[in-house]
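I opened this model to look up its pockets and one of its helices. My entries follow.

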Amino acid sequence: MSHHYSGPNFGFPRGDARLDFTDLYAFPKPGDAGKSILIMNFHPCASVSPPGPTAAEAFALEALYELKIDTNGDAVADIAYRVRFSSSKGGTQMATLRRVEGTQAAGTDDGGQAIVERAPVSTGREAGVTEAGGYRFFAGRRSDPFFFDVDGALNNLQFTGDDFFADKDICSIVLELPNSTLGPKEVRLWARTLVPADGAGGGWVQADRGARPNQTPFLAGEQNAAYLAGEPADDAQFVAVFAHALEHAGGYPPEDARRVAGKLLPDLLRYDPTRPASFPDNGRALTDDVSDAFLAILTNGKVTKDKVGPHGDLLAEFPYLGPPHNA
């Protein structure tokens, strides 16, 4: 179910829904081939177990929300966009977006060049958009574009087409940027959340990360915590646990399971802004049926559909995600 419940037993990282990375999208801007749209979604508005709403606050003020971009194929970030949140005197959350390059992008801190400062976080139906230096930026609650039959997944993949997310909201960070800021060729993307480390030494600890949908809850297994704390450049260590899950779920022979697991790792989203978006080949559009694609892999072709399709409330313009249901 994407990364909506990526902690142990479909829970949230560190027990905090605000830290939960759910989905990453990358696609060319409609009507403008020179720009791209990058969307990171976090903080599902509802929990499966126990059922009910999550935190009222959209983003964690103490956390760092980060988009990593690898431009040379080594699974190490060469560019990073970092978002921190603060609170105004009136209680409204405010977002600051920063960009870093080179060795700093591969590191773990909250520095960088400020692109957008103190942009109000949207919680209502009207999306508050901030523009600065060729960028457009949005942060706030929106209708969750992810679609999947969660109950069917929990019922031994017996799908009925009941879309758990049809009336659910998500907290989104949406960035429109010139393709020239991404580098000259295909890039590889992933997202992550970090929280301050305990103790006097300071620094940051990674709470969640991901790029390709559904892999964490279905394949990381007993190494879930290590996987969420890891880096894409080190993902080869998880091929064995992914392969074991594929053998169990899809009946793959061991050699085939390792081969397929090796294609799923490192956990990165490939994106060439000069080509149309279509998961898993290039980026990810908001209407791509990623769950059907993943089910076919997970089950070795035995199950190929969850009978759920894209949502009908997507917008034709920035920030592209529909207004929140509970505004």
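Entry 1, terms. I took a pocket, on a 1 Å grid over the protein atoms alone, to be an open set of points where a 1.4 Å probe fits, with protein on both sides within 12 Å along at least five of seven lines; lining residues have an atom within 4 Å of a point. The model is predicted, so local features need pLDDT of at least 70 and side-chain atom pairs pLDDT 80 or more, while totals for chains, interfaces and linings use all residues. Residues are numbered from 1 along each chain as its sequence is written.

Entry 2, largest pocket. I read a volume of about 380 Å³, meaning the space filled by probe spheres set on the grid points, which are joined across faces, edges and corners. Its lining has 16 residues, with Pro217, Phe218, Ala245, His248 and Ala249 nearest the centre. I sorted the lining into 11 nonpolar (Ala, Val, Leu, Ile, Met, Phe, Trp, Tyr, Cys, Pro), four polar (the others, Gly among them) and one charged (Asp, Glu, Lys, Arg). Which helix gives the largest share of this lining? H5 does, with five residues. Helices here are DSSP runs of H or I, at least four residues, numbered from the N terminus. H3 (215–219) and H5 (239–250) each supply at least two lining residues.

Entry 3, second largest pocket. I noted about 170 Å³ of space. Of its 14 lining residues, Arg188, Lys263, Pro266, Leu268 and Arg270 are closest to the centre. The lining divides into seven nonpolar, one polar and six charged.

Entry 4, after H7. I found Asn300 just after H7, with a positive phi of about 60°.

How values were computed:
Side-chain values use heavy atoms; hydrogens and water are left out.
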